[in-house]
Amino acid sequence: MEQYELEALEAVTTRPAHPYRTLTVQRITPVIGAEVSGVDLSKELSTEQWEEVVIAFRDHHVLVFRDQLLTSDDHKRFAGGFGELRPVDPPPPEGDPHILEIRTTAAAANVAGNGWHTDGSADAEPSLGSMLYITEVPEPGRGGDTMFANMHLAYEMLSPAMRSLLDPLTAIHDGAQAFQGYTPPEGYVVPRSEHPLIARHPETDRKLLYANRAYTSRIPQLSPQESRALLDMLFDVTAGRPVLHCRVHWTPGTLVFWDNRCVQHHAIYDYYPYTRYGQRIAINGGAVKG
Ligand code: SIN
């Protein structure tokens with residue numbers, strides 16, 4: 001590894017653990033993700049529990065809550081504590097407008113999220129985060145994991161010269177690229193937005209790489225060839241460096257909350273012909289901060 005890569009890793013892995021009083025928070029990998037126990041999400045959280053969940057989310061970006069028995073109202077109440085619920089887009093033909101059903105069967109034409117992406121990055125104001133509650137997992141309890149990547153560290157492990165090149169650039173995020181193979185409802189306006197290529201987390205101001213293979217189509221300041229080569233290199237960084245990742249193995253009743261402002265994820269489709277089912281609620285965010 002290069003010295004600047006080691007320094008970036010060292011800075012992240014040596015950060016002190018917060019002294020939690022009401023929760024137990026165990027890191028999944030040294031750089032991203034934590035399993036949180038000591039909280040029942042079907043009940044109102046105490047003020048101190050809320051404060052500690054917020055701290056854990058800020059520090060670990062992906063929180064895993066096991067053995068939860070939740071109604072849709074419980075799920076919405078917990079999500080609503082972090083902001084306004086985000087309507088599913090395009091809207092579901094029936095059911096709750098805030099609940100995206102994630103259902104994969106052997107007959108599925110499309111498998112949601114089976115590639116590295118950030119939820120809704122083509123929107124002018126992408127979501128703050130997503131909460132997925134999985135109740136049915138592939139038999140025999142194998143497969144269907146989700147991987148997450150720390151996009152702060154993806155940026156910080158680039159060479160100083162590469163970071164200087166990327167810092168002032170923007171990128172186009174195009175829903176049409178992500179929706180290939182899926183026909184949106186008639187009249188639906190496919191989102192397309194330009195965001196900073198290197199964004200800052202709105203709460204910590206820490207920089208991160210904001211480009212994902214599903215939605216990001218072009219760096220407008222570069223020629224098409226330059227843009228393609230640079231984006232492919234950046235996508236390879238996200239996918240090809242396991243040191244940026246954690247991997248969540250789902251059990252029924254697991255809720256995972258991830259920060260779309262600094263995390264990419266990939267739902268691995270490795271469980272044909274089995275079924276996987278869950279419900280996802282997203283929370284509104286703001287414009288991507290440069
Ligand atoms: C998604 O939000 O992309 C789905 C994630 C998953 O199914 O694990």
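Begin with the ligand and the side chain of H117: in this predicted model, one of the ligand's oxygen atoms lies 2.8 Å from an N or O atom of the H117 side chain. Keep the ligand displayed and add T146, whose side chain places a polar atom 2.6 Å from a ligand oxygen. Then add R276; a polar atom of this side chain is 2.8 Å from an oxygen atom of the ligand. With these three contacts in view, turn on the ligand surface: the ligand taken alone exposes 260 Å², and the protein buries 98% of that area.

Next, select the complete shell. The residues surrounding the ligand are I102, G113, H117, D119, L132, T146, W258, H265, A267, R276 and R280. Colouring them by class gives 4 nonpolar, 4 polar and 3 charged residues. Which strands each supply at least two residues of this shell? They are β15, residues 263-267, and β16, residues 276-283.

From the shell, move to β15 and display its sheet. The sheet is open and has 3 strands, paired antiparallel in the order β13-β7-β15. Strands β13 (245-248) and β15 are at the edges; each has a single partner strand, so one side of each lacks a neighbour in the sheet. Viewed from one strand to the next, the twist averages 20 degrees.

Now select residues 146-150, which form β7. This strand runs antiparallel to β15, and 5 bridges join the two. One residue pair links this step to the ligand shell: T146 has A267 as its bridge partner in β15, and both T146 and A267 are among the residues around the ligand. T146 is also the residue with the 2.6 Å polar contact shown earlier.

The last stop is β14, residues 254-259. Is this strand mostly covered or mostly uncovered? It is mostly covered, with 6 of its 6 residues buried. Show the side chains to see the two directions: T254, V256 and W258 point one way, while L255, F257 and D259 point the other way, and all are buried. W258 also belongs to the shell around the ligand.

Finally, add the strands that pair with β14. Residues 62-65 form β3, which is antiparallel to β14 and joined to it by 4 bridges. Residues 129-136 form β6, likewise antiparallel to β14, with 6 bridges between them. Centre the view on F257: this residue is the bridge partner of L63 and also the bridge partner of M131.

Definitions and conventions: Residues are numbered from 1 along each chain as its sequence is written. This is a predicted model: local features need pLDDT of at least 70, side-chain atom pairs count only at pLDDT 80 or more; totals for chains, interfaces and linings use all residues. Side-chain values use heavy atoms; hydrogens and water are left out. A residue is near a molecule or strand if one of its heavy atoms lies within 4 Å of it. A polar contact is a pair of N or O atoms within 3.5 Å; within protein, one must be able to donate a hydrogen and the other to accept it, and residues adjacent in sequence count only if both atoms are side-chain atoms. Accessible areas come from the Shrake-Rupley method with a 1.4 Å probe; for residues, only the protein chains shown count as cover. Ala, Val, Leu, Ile, Met, Phe, Trp, Tyr, Cys and Pro count as nonpolar, Asp, Glu, Lys and Arg as charged, and the others, Gly among them, as polar. Two strands pair if DSSP finds at least two bridges between them. Axes are lines fitted to C-alpha atoms, for helices over the stretch in contact, and angles run from 0 to 180 degrees between N-to-C directions. Buried means under 20% relative accessible area, exposed over 50%, partly exposed in between (1.4 Å probe, protein chains only).
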